[in-house]
Amino acid sequence: MATTTPTTVLASLTSVTLEVADVEEARRFYSAFGVDAYVSLRASEERSAGFRGFTLALTVSGPATVDGFMGAAVEAGATVLKSAARSLWGYGGVVQAPDGTIWKIATSAKKDTGPATREIDEAVLLIGVEDVKATKEFYVGRGLTVAKSFGGKYAEFSPGRSGAVKLALYKRRALAKDLGVPADGTGSHRVVLGGAADAFTDLDGFVWEAAASSAPTPS
């Protein structure tokens with residue numbers, strides 16, 4: 001693990017790079033899905049089994065838009081982990097991309113107030129951690145600002161000007177349960193976070209790269 005001093009070495013998450021076996025195949029999928037502006041891609045053969053410990057969560061305007069993104073993902077080759085359905089909090093579903101990345105698409109609206117769109121209101125990289133409080137303190141010590149915090153259950157950091165994706169923390173087992181997958185997993189997370197002044201690895205093994213080196217092949 002690269003070492004850093006607990007000073008301000010990052011202000012926000014500026015990029016999310018997914019490590020995939022086939023970059024061209026992944027590029028086609030993410031373009032058809034409609035989320036290619038939010039992730040970059042990098043070829044990797046790192047071993048990964050089971051839950052990778054994160055999801056990319058999209059918030060959209062209404063149920064019809066959720067259905068549109070779910071349908072586009074499935075048509076492009078995704079697997080449905082949770083069919084879109086109403087819940088106490090709104091409406092949403094979960095899919096897994098051919099490269100293994102899990103995506104959650106949701107809205108707080110239970111009814112449509114307009115036609116379906118292809119617009120994304122918010123994108124969040126939600127990483128599952130063993131100790132939310134400890135990991136929150138770790139990131140605060142490196143310059144991130146907490147925007148929301150619910151004790152040891154959830155924490156969200158303020159986005160920077162150039163950050164298209166917010167960073168948030170959730171208990172790993174709770175996140176897996178929410179996504180409908182077993183919590184166990186080994187090997188690489190297969191995701192690299194960008195925006196740091198210096199490379200480092202966090203308490204749960206998520207890798208950060210320096211901003212200058214975290215701009216690989218766009219999807």
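# Sheets, spaces and a salt bridge

Student: In which sense do strands S4 and S8 pair?

Tutor: A strand is a DSSP run of type E with at least two residues, a helix is a run of type H or I with at least four, and both are numbered from the N terminus. Two strands pair if DSSP finds at least two bridges between them. S4 and S8 have six bridges, and the sense of their pairing is antiparallel.

Student: What kind of model is this?

Tutor: Residues are numbered from 1 along each chain as its sequence is written, and side-chain values use heavy atoms, with hydrogens and water left out. Local features need pLDDT of at least 70, side-chain atom pairs count only at pLDDT 80 or more, and totals for chains, interfaces and linings use all residues; this is a predicted model.

Student: Which residue in S8 is the bridge partner of Leu 56?

Tutor: Leu 56 falls within strand S4 (54-59). Its bridge partner in S8 is Leu 125.

Student: Which strands stand at the edges of the open sheet of eight strands?

Tutor: The order of this sheet is S5-S6-S7-S4-S8-S11-S10-S9, and its pairing is mixed. An edge strand pairs on one side only. That description applies to S5 and S9.

Student: Which residue in S11 is the bridge partner of Val 124?

Tutor: S8 and strand S11 (residues 166-171) run parallel and are joined by six bridges. In S11, Val 124 has as its partner Lys 166.

Student: Which residue in S11 stands opposite Tyr 154?

Tutor: S10 pairs with S11 in the antiparallel sense over three bridges. Opposite Tyr 154, in S11, stands Tyr 170.

Student: At about what angle to S6 does helix H2 run?

Tutor: Axes are lines fitted to C-alpha atoms, for helices over the stretch in contact (heavy atoms within 4.5 Å). Angles run from 0 to 180 degrees between N-to-C directions. Helix H2 (residues 63-75) lies across S5, S6 and S7, and its angle to S6 is about 10 degrees.

Student: Which element gives the most to the lining of the largest pocket?

Tutor: On a 1 Å grid over the protein atoms alone, a pocket is an open set of points with protein on both sides within 12 Å along at least five of seven lines, whereas in a cavity a 1.4 Å probe fits but cannot get out; lining residues have an atom within 4 Å of a point. The largest pocket holds about 1,000 Å³ of space, where points are joined across faces, edges and corners and the volume is what probe spheres set on them fill. Of its 27 lining residues, the closest to the centre are Trp 89, Lys 104, Ala 106, Leu 126 and Asp 178. With five residues, the element that gives the most is S6.

Student: What is the volume of the largest cavity?

Tutor: The structure holds one cavity of 30 Å³ or more. Among the residues that line the largest cavity are Ser 12, Leu 144, Phe 157 and Lys 166. Its volume is about 40 Å³.

Student: Why is one side of S2 and of S14 left without a neighbour in the sheet?

Tutor: These strands belong to an open sheet of five, in the order S2-S1-S13-S15-S14, with mixed pairing. Strand S2 (40-43) and strand S14 (200-201) stand at its edges, so one side of each lacks a neighbour there: each has a single partner strand.

Student: Which residue forms a salt bridge with Glu 209?

Tutor: A salt bridge is a side-chain nitrogen of Lys or Arg within 4 Å of a carboxyl oxygen of Asp or Glu, and the structure holds seven. Glu 209, in strand S15, is also the bridge partner of Gly 194. Its salt-bridge partner lies 167 residues away, in strand S2. The closest N and O atoms are 3.1 Å apart, and that partner is Arg 42.
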